[in-house]
Amino acid sequence: MRDRIIVITGATGSGKTTVGKYLKDKYAIPKVITHTTRVPRPGEQNEVDYYFESDETFNQRHFLESVKYDGHRYGSSYEALERGWEKSPLLSVVLDTKGAVTYSEKLGEEAVIIFLTVSKDNALQQRIKERGDDPNAIDHRLESDEYQRDMALPKELQGIAHVIVNDKLDKTKLMLDEIIKELRNDLN
Ligand SMILES: Nc1ncnc2c1ncn2[C@@H]1O[C@H](COP(=O)(O)OP(=O)(O)OP(=O)(O)O)[C@@H](O)[C@H]1O
Ligand SMILES: Nc1nc2c(ncn2[C@@H]2O[C@H](COP(=O)(O)O)[C@@H](O)[C@H]2O)c(=O)[nH]1
């Protein structure tokens, strides 16, 4: 089986982390852990959800790509990909849309892009409130340029990304099952 990375992208609250967890739980697809300088949310763990970094330690990493999102830095490394592919031909990673474009450009068909969206924008705000994010952090994020940008599929990914409207999680899971089935058929 040739190696593939499933890049899960979309706006804040669209369900990227939830989808990554589903792929891990149902298909044993490991998630590549990325690096960030933002502070952990309640319940988030270092080396599980992210490698939480200071600016200084972040600068010492070698990234495949890195971005600024809502004032914080995020990055993912080639080393993590190579290490992941030694264990599993299929991996997933959760990225903003800028990172997803970079993966698509740098890795070509090795990157399988899934863009998540919802049919009503206010569902996203509701979901991040219910997730328990700090209310000040929510306001800041909703006003960020990156939040607005990630609501739409970038033109570079049109015709490339699988688009899933994640209104109902059960329906989303069925669409993911189809994608994984096709991917496994192609790769065998
Ligand atoms: N289809 C759905 N219906 C209702 N709630 C959902 C659905 N999908 C995910 N959620 C919930 O919405 C919240 C946000 O989901 P999640 O954390 O996966 O989003 P995200 O895209 O990773 O967000 P962020 O980019 O801010 O980290 C979570 O509490 C999750 O349980
Ligand atoms: N381009 C990258 N985007 C990343 C990376 N790690 C996470 N992310 C994305 O950043 C935003 C904000 O994340 P949050 O956990 O603070 O809500 C979100 O879209 C993530 O998918 C990365 O290494 N590169």
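Start your tour at Ile 114: select it together with His 162, its bridge partner in β8. Before moving on, a few ground rules. Residues are numbered from 1 along each chain as its sequence is written, and chains are lettered from A and ligands numbered from 1 in the order in which they are written. This is a predicted model, in which local features need pLDDT of at least 70, side-chain atom pairs count only at pLDDT 80 or more, and totals for chains, interfaces and linings use all residues. The chain averages a pLDDT of 95, with 99% of the residues scoring at least 70 (pLDDT is the predictor's confidence in each residue, from 0 to 100). The scores for the model are ipTM 0.98 and pTM 0.97.

**Stop 1: around β7**

Show β7 (111-117) next to β8 (residues 162-165); the two pair in the parallel sense over 4 bridges. Strands pair if DSSP finds at least two bridges between them; helices (H or I, at least four residues) and strands (E, at least two) are DSSP runs, numbered from the N terminus. Now add β1, which pairs with β7 in the parallel sense over 6 bridges. Here Ile 6 stands opposite Val 112 of β7. Since 6 of the 7 residues of β7 are buried, the strand is largely enclosed by the rest of the structure. Buried residues have 20 or more other C-beta atoms within 10 Å of their own, exposed ones 12 or fewer, and partly exposed ones fall in between, with C-beta atoms placed from the backbone.

**Stop 2: the nonpolar core**

Select Ile 6, Val 7, Ile 113 and Ile 114, the residues with the most contacts inside the largest nonpolar core, which has 26 residues. Such a core is a set of buried Ala, Val, Leu, Ile, Met, Phe, Trp, Tyr and Cys residues joined through C-beta atoms within 7 Å. β1 (4-10), α1, β6 (90-94), α4 and β7 each give two or more residues to this core, and β7 gives the most, with 6. Centre on Ile 6: beyond its neighbours within four places in sequence, its contacts include Leu 23, Ile 29, Leu 90 and Leu 91 (contact: C-beta atoms, placed from the backbone, within 7 Å).

**Stop 3: ligand 1**

Which residues come nearest to ligand 1? Of the 16 around it, they are Gly 15, Lys 16, Thr 17, Thr 18 and Arg 127; a residue counts as near if its C-beta atom, placed from the backbone, lies within 6 Å. Colour α1 (16-27), α5 (122-131) and α8 (169-187), the elements giving two or more residues to this shell. The largest share, 4 residues, comes from α5.

**Stop 4: ligand 2**

Next, ligand 2 has 16 residues around it, and Thr 34, Tyr 74, Ser 76, Asp 96 and Gly 99 come nearest. At least two residues of the shell come from each of β4 (65-69), β5 (72-76) and α4 (97-107).

Follow β5 outward into an open sheet of 4 strands, ordered β3-β2-β5-β4 with mixed pairing. β3 (51-52) and β4 are its edge strands, each pairing on one side only. Strand β2 (residues 35-36) runs antiparallel to β5, joined by 2 bridges; select His 35 and its bridge partner in β5, Gly 75.

**Last stop: Leu 142**

Finish in helix α6 (residues 135-142) at Leu 142. Leu 142 counts as partly exposed because it has 15 C-beta neighbours inside 10 Å. Leaving aside neighbours within four places in sequence, Leu 142 is in contact with Gln 125 and Tyr 147. For a final distance, pick Asp 70: its C-alpha lies 8.9 Å from that of Leu 142, although the two are 72 residues apart in sequence.

Methods:
Two residues are in contact if their C-beta atoms, placed from the backbone, lie within 7 Å.
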